[in-house]
Amino acid sequence: MPAQPHTLSAHDPLVTLEDVSFARGARVIFDGVNIEIPRGRITAILGPSGGGKTTLLRLIGGQLAPASGKVNVFGHDVQALNTAELFAMRRRIGMLFQSGALLTDLDVFENVAFPLREHTNLPESMIRTIVLMKLEVVGLRNARNLYPRELSGGMARRVALARAIALDPLMVLYDEPFAGQDPISMGILVRLIKKLNEALNLTSVIVSHDVTETASIADQMYLIAEGKVVESGPPAAMKSSSTPAVAQFMRGLPDGPMPFHFPGVDYLTDLVDGVSS
Amino acid sequence: MIEFFAWVGRRSLAFFERLGRGTLFLVQVCARLGFLLTRPSLTLAQVWAVGVQSLVIIGVSGAFVGMVLGLQGYNTLVTFGTEESLGVVVAKSLCRELGPVLTALLFAGRAGSALTAEIGLMKATEQIPALEMMGVDPLRRLIVPRYVAGLISMPLLAMIFTAIGVLGGYFCGVGLLGVDEGAFWSQMQLHMALGTDIGNGVVVKSIVFGAVVTWIALFEGFDAIPTSEGVSQATTRTVVNSSLAVLSLDFVLTGLMFD
């Protein structure tokens, strides 16, 4: 199968982005970004909201194509894969969407069983066992008969996580896993991501703007701002970085190299213009 | 003046660009029809949602339309002393025009809008991107079963609408207004042709309308801007565009079938 990582050695990164650029209309999202996702580690991509972090995950998953540069996943250029190969590659990637993205017409059990039913011919008894095992990991085995509308935001994300690991993927992509979570749910998710990465020997990519939570579990971090990788390194190094943009982001300062004000006309000019017209 | 032409040009380009994308969408859907042979249960579930759940509105509307036809037809025919032909008037107008056209309009409002909203919301809540990331083709898994369900349901609904309409006309004409029962049915039997009136009228027209309405509804949902406003606009466009498509296609089909 073309999406097998057979061409990679154990030390090669599982995903590499080489000089990737991407734009939406006139707005440049990425401008020559280089990122390496090492195998078996948790890599965090940090950046301000609207900075294209979700776009990055979609580039890795082949849902978007870069304007230039190369996205390599499991040793294959994603752009060179045909539809069948792309879908085969995606089966080895689990993705946790920000909203959970559970199928609303299916209950919790069926949501987790969905990838198994779509991609395998396993007998019903085995599907049941696998689903219950995955739900046990996220602590929601007894919520299996609930529908997505009956779940809290944190529970929905845990169900989505169980679904993401249903096919035992090589890598899991987390899109803002901590956004909008209460402290308890956040703590549960942080521990789950760490535990799963170790227990299942996964490779995890977390895009987030929650610095503290992400830094507590990540092995390596990238800070992306204004389309470029500002800095990368282990969390401790990032926290003590003297680069102004990194310091601003890691300490949550409201103004700095990443401006508080949306760029445009100067405040005074704007006010005076209003009066004179 | 130049601005007006530029505006017309822009609108036309936008229209044809959208039509092109819609056609491409339809081609992609048709290329995946074979998938249903392996998963017929997916279509059955959609026939329930699209067809069976539209039965009440179709049945009630059919009855009232038939009753109105009975009343109006009787009032006109009795002037010429030909009220025995009421059965023919009711059956011909229902089979050739009102049955398929009104069913398609109701179908667009009831099932079409629901399809657009469902698919559009699935897109807005990231369910469709999630399917793609799970390696599941959303066109195959979501769109194809719904498209085929629309194709199956629409002719069946049109037949039910027409049959109930005829009974409504019978109830008004024979039951309330005193038209001779034997004349009502025998005249209908004599002047209705299976191929022309029922085959062309009910069956062919409703299959074409079903194909077009379901196509528009699914394309609008799949193409919707993934926000609440985008989905609401897409739903409106489904009802407006399918109604216009049904009415204009009906004119073309009538011209071709019954000239």
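Two residues are in contact if their C-beta atoms, placed from the backbone, lie within 7 Å. The model is predicted: local features need pLDDT of at least 70, side-chain atom pairs count only at pLDDT 80 or more, and totals for chains, interfaces and linings use all residues. Residues are numbered from 1 along each chain as its sequence is written, while chains are lettered from A and ligands numbered from 1 in the order in which they are written.

**Exercise 1. The interface**

Task: state how many residues each chain gives to the contact, and class those of chain B.

Solution.
- Step 1. Chain A contributes 15 residues and chain B 11 residues.
- Step 2. On the side of chain B that touches chain A, five residues are nonpolar, three polar and three charged. Here Ala, Val, Leu, Ile, Met, Phe, Trp, Tyr, Cys and Pro count as nonpolar, Asp, Glu, Lys and Arg as charged, and the others, Gly among them, as polar.

**Exercise 2. Confidence in chain A**

Task: find which elements of chain A have the lowest and the highest mean pLDDT.

Solution.
- Step 1. pLDDT is the predictor's confidence in each residue, from 0 to 100. For chain A its mean is 85, and 93% of the residues reach 70 or more.
- Step 2. Elements are DSSP runs numbered from the N terminus: helices are H or I with at least four residues, strands E with at least two. The lowest mean, 76, belongs to helix H9 (residues 244–251) of chain A, and the highest, 93, to helix H3 (residues 108–119) of chain A.
- Step 3. Over residues 1–6 of chain A, pLDDT stays under 50, and the model has 13 contacts beyond four places in sequence for them. Where pLDDT is low, the predicted coordinates should not be read in detail.

**Exercise 3. The two chains**

Task: describe the secondary structure, extent and burial of chain A, then of chain B.

Solution.
- Step 1. Chain A has 10 helices and 10 strands. Its radius of gyration, taken over C-alpha atoms, is 20 Å, close to the 19 Å that the globule rule gives for 277 residues, so chain A is as compact as a globular protein of that length. The rule is 2.2 Å times the number of residues to the power 0.38.
- Step 2. The C-alpha trace of chain A spans about 75 × 45 × 40 Å along its principal axes. For chain B the spans are about 65 × 55 × 30 Å.
- Step 3. A residue is buried if 20 or more other C-beta atoms lie within 10 Å of its own, exposed if 12 or fewer, and partly exposed in between, with C-beta atoms placed from the backbone. Of the 277 residues of chain A, 40% are buried; of the 259 residues of chain B, 45% are.
- Step 4. Chain B has nine helices and zero strands. Among its contacts between residues at least 6 apart in sequence, 88% join residues at least 24 apart; the corresponding share in chain A is 65%.

**Exercise 4. The antiparallel sheet**

Task: trace the sheet S2-S1-S4-S5 of chain A and locate the partners of Thr16(A).

Solution.
- Step 1. The four strands form an open sheet in this order, with antiparallel pairing. Strands pair if DSSP finds at least two bridges between them.
- Step 2. Strand S2 (27–37) and S5 of chain A are the edges, each with a single partner strand, so one side of each has no neighbour in the sheet.
- Step 3. Seven bridges join S1(A) to S2(A), five join S1(A) to S4(A), and two join S4(A) to S5(A).
- Step 4. Thr16(A) stands opposite Glu36(A) in S2(A) and opposite Asn72(A) in S4(A).
- Step 5. S4(A) and S5(A) form a hairpin with two residues between them, and Phe74(A) in the turn has a positive phi of about 55 degrees. Val73(A) has His76(A) in S5(A) as its bridge partner.

**Exercise 5. The mixed sheet**

Task: give the strand order and the edges of the six-stranded sheet of chain A.

Solution.
- Step 1. The order is S6-S7-S8-S3-S9-S10 in an open sheet of mixed pairing.
- Step 2. Strand S6 (93–96) and strand S10 (228–233) of chain A are the edge strands, each pairing on one side only.
- Step 3. Strand S3 (residues 42–46) and strand S9 (residues 220–225) of chain A pair in the parallel sense over four bridges. Leu46(A) stands opposite Leu223(A) in S9(A).
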